[in-house]
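Please examine the sequence and the three-dimensional model shown here. The paragraphs after it proceed from the chain as a whole to its interior and then to individual residues.

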Amino acid sequence: MKKILLIAALAAAAASMPAYAHGPTDDHSAKHGGIVAAGKEADYELVAKPEAIQLYVNDHGKPLDVSKASAKLTLLSGKEKQEVELKPAAGMLEAKGAFKVGPGTKAVAVVTNAGKTLGTARFTLK
């Protein structure tokens with residue numbers, strides 16, 4: 001019984017620790033007022049507004065060159081689903097239009113760079 005409690009306590013402690021994709025010294029904070037998701041190859045920050053969606057891609061805290069990148073973003077809000085193609089724009093990936101990005105909206109971004117899949121990021125909007 002004590003072993004089970006110890007394992008449960010260790011699992012809870014591990015779950016409450018921050019996830020470091022690249023190492024404990026990397027900065028995973030939002031720099032553009034969005035939501036950050038850490039991936040294996042990069043960190044992603046999603047800034048979602050009703051008129052524009054921006055995705056910033058960083059590697060070890062430094063902006064990644066996204067001039068040859070793109071992303072397919074899927075927005076899920078209730079029963080509604082919206083597919084958005086993000087294109088390079090001034091150091092980020094961006095799309096302009098009309099988007100349903102209210103609290104609780106789920107977003108999944110599949111990012112490709114120079115024809116290769118860079119990674120997938122999942123977000124829940126606040």
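**From the fold to its buried residues**

Of the 126 residues that make up the chain, 33% count as buried. The model is a predicted one, and the values discussed here were computed from its atoms. The accessible surface of the chain amounts to about 8,000 Å², and carbon and sulfur atoms account for 59% of that area.

The secondary structure consists of 1 helix and 9 strands. Followed along the sequence, these elements give the pattern α-β-β-β-β-β-β-β-β-β. Contacts across the sequence may be considered next: among those between residues at least 6 apart, 44% join residues at least 24 apart.

Attention may now turn to the interior. The largest nonpolar core comprises 25 residues, and Tyr44, Leu55, Leu73 and Leu86 are those with the most contacts inside it. At least two residues of this core come from each of the strands S2 (43-49), S3 (52-59), S5 (69-77), S6 (80-89), S7 (92-96), S8 (106-113) and S9 (116-124). The strand that gives the most is S5, with 4 residues.

Leu86 offers a view of the surroundings of one such core residue. Leaving aside residues up to four places away in sequence, Leu86 touches Ile53, Leu55, Ser70, Ala71, Leu73, Leu93, Glu94 and Ala95. Two of the residues in that list, Leu55 and Leu73, are also among those with the most contacts inside the core.

Glu94, another of the residues touched by Leu86, is found in strand S7. Which side chain of opposite charge is nearest to this buried residue? It is that of Lys96, 4.5 Å away, and Glu94 has no salt bridge. The cut-off for a salt bridge is 4 Å between a side-chain nitrogen of Lys or Arg and a carboxyl oxygen of Asp or Glu. The side chain of Glu94 does, however, make a polar contact of 3.1 Å with the side chain of Gln54. With residues up to four places away in sequence again left out, Glu94 touches Ala52, Ile53, Gln54, Glu85, Leu86, Lys87 and Ala89.

A second acidic residue, Asp43, is located in strand S2. Is Asp43 buried or exposed? Asp43 counts as buried because its relative accessibility is 4%, and the cut-off for that class is under 20%. Asp43 and Lys62 lie 19 residues apart along the chain, and their C-alpha atoms are separated by 9.5 Å.

Methods
Residues numbered from 1 in each chain as written. Predicted model: local features only at pLDDT ≥ 70, side-chain atom pairs only at ≥ 80, totals over all residues. Heavy atoms only, no water. Core = buried A, V, L, I, M, F, W, Y, C linked by side-chain atoms within 4.5 Å. Buried < 20%, exposed > 50% of the residue type's maximum accessible area, 1.4 Å probe, protein only. Contact = heavy atoms within 4.5 Å. Areas by Shrake-Rupley, 256 points an atom, 1.4 Å probe, with all protein chains shown as cover. Lys, Arg positive; Asp, Glu negative; His and termini not counted. Polar contact = N/O pair within 3.5 Å; in protein donor to acceptor, adjacent residues only side chain to side chain.
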